[in-house]
Amino acid sequence: MQEPISKYFHVGLIHPMAYPAAGKGEGEVVLETLKKVLDDDYFGAVELTWIKDDAMRAEAAKMLKCAHVDIVFAGQPPLLSQKLDLNAADEAERKKAIDQCKNSVDQAYELGACILAVLSGPCPADGDKKAAIARLADSLKQICKYAQSKGDLVVSLETFDFDIDKKCVIGPTADAVELAKTIREECPNFGLTVDLSHQPMLNESIEQMVTTAAPYLIHTHIGNAVLSDTSSPAYGDQHPAFGCECGINDVDEVAAFLKALFDIGYFKKDLPSKMPIVSFEVKPLPGEDGDIVVAGAKRVLNEAWAKL
């Protein structure tokens, strides 16, 4: 491809993944590492998560506005770190998860985000997947309606593995699409996020995942995964650097993912963001440097783009 990436989409970075210490939402590391991302004009979008201190969150909002980027609020870390479940059978536990997501909605608006990304809870212990998805649908409708009452924020459900690491009830892309159909009947501010890192764990091809999600796809991630070596620290849903030992995704897979997005018209869709977003979800393993992992991801995307 001879034309610049910026003609078609904003490259994003998931801030708390590249800089895991920032994922706790506290300390100077949050603003220090956010500044690194915003200083880099390769990125037209940034995905960040909860910031617990009001003053620090206000400062982050000022930085983001000045940087002229698309903003996505990652609602997954607050849910995962507190083991909250949007499809919990226990209604009190489910309410905790919904309340956390409403808090994430509030923070998303404060930070100027256009999308709030969330994930489903784990597959139910009782095996009643249908009931769990029904509870999840109810939770998501409550969150979407809360978001809609405050402005134009769109809620996006990210698909995750169902039997390897997170073991989420959503899960297979076809199930996500059926859920999205149900929610869109009441809530137009809902869509789906797919992640190249999760694709191998879903037992779906890149084309199958993207094509199936197409009608509701509003947001995408690219990254790597290790599945062949269960002893590796990168095994499962760890989003290791591209090029890591036993990694499944690299330049060719990123190119195939981008081609699939072109094929479904993702880069021409009317989306909540100023431009379509393709965000790196890469994380340094112990002993690795986040800045170097990010630089490597940029090189991989540049090579993949050149192949199109």
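**Exercise 1. Find which aromatic pairs tie distant parts of the chain together, starting from the full count.**

Step 1. A search over the whole structure turns up nine aromatic pairs. For the cut-offs, rings of Phe, Tyr and Trp (its six-membered ring) pair if their centres lie within 6.5 Å; planes under 30 degrees apart are stacked, over 60 edge-to-face, and the rest tilted. Keep in mind that this is a predicted model, where local features need pLDDT of at least 70 and side-chain atom pairs count only at pLDDT 80 or more, while totals for chains, interfaces and linings use all residues. Residues are numbered from 1 along each chain as its sequence is written, and side-chain values use heavy atoms, with hydrogens and water left out.

Step 2. Take Y8 and W305: the ring centres are 5.6 Å apart and the planes sit at 55°, so this pair is tilted. Y8 is in the segment before β1 (10–14) and W305 is in helix α10 (residues 290–307), which puts them 297 residues apart. Helices here are DSSP runs (H or I, at least four residues), as are strands (E, at least two), numbered from the N terminus. Both Y8 and W305 are buried, where buried means under 20% relative accessible area, exposed over 50%, and partly exposed in between (1.4 Å probe, protein chains only).

Step 3. Now F43 and F280: with 6.3 Å centre to centre and 90° between the planes, this pair is edge-to-face. F43 belongs to the loop between α2 (29–39) and β2 (45–48), F280 to strand β8 (residues 277–280), and 237 residues separate them. F43 is buried at a relative accessible area of 7%, and F280 is buried at 1%.

Step 4. Y8 and W305 also belong to one aromatic cluster, together with F9, F262, Y266 and F267.

**Exercise 2. Work out how α9 and α10 are arranged: parallel or oblique?**

Step 1. Helix α9 (residues 251–263) packs on α10 at an angle of about 55°, with the axes 8 Å apart. Axes are lines fitted to C-alpha atoms, for helices over the stretch in contact, and angles run from 0 to 180 degrees between N-to-C directions.

Step 2. The two helices are therefore oblique to each other. The bins are: under 35 degrees roughly parallel, over 145 roughly antiparallel, 65 to 115 roughly perpendicular, and the rest oblique.

Step 3. On the α9 side, the contact (heavy atoms within 4.5 Å) includes L258 and F262, and on the α10 side W305 is one of the residues involved.

**Exercise 3. Do the same for α5 and α6.**

Step 1. Helix α5 (residues 91–111) and helix α6 (residues 129–150) have axes 10 Å apart and an angle of about 30°.

Step 2. That angle makes α5 roughly parallel to α6.

Step 3. Among the contact residues are I98, V105 and Y109 of α5, plus I143 and Y146 of α6.

**Exercise 4. Spot the unusual backbone spots.**

Step 1. Most residues other than glycine have a negative phi, and most peptide bonds are trans.

Step 2. I170 and G171 are joined by a cis peptide bond, omega about 0°; G171 is in the loop between β5 (154–158) and α7 (173–184).

Step 3. H239 has a positive phi, near 50°, and C246 has one near 70°. H239 lies in the loop between β7 (217–222) and α9, and C246 is found in the loop between β7 and α9. H239 is buried, with a relative accessible area of 2%, whereas C246 is partly exposed at 36%.
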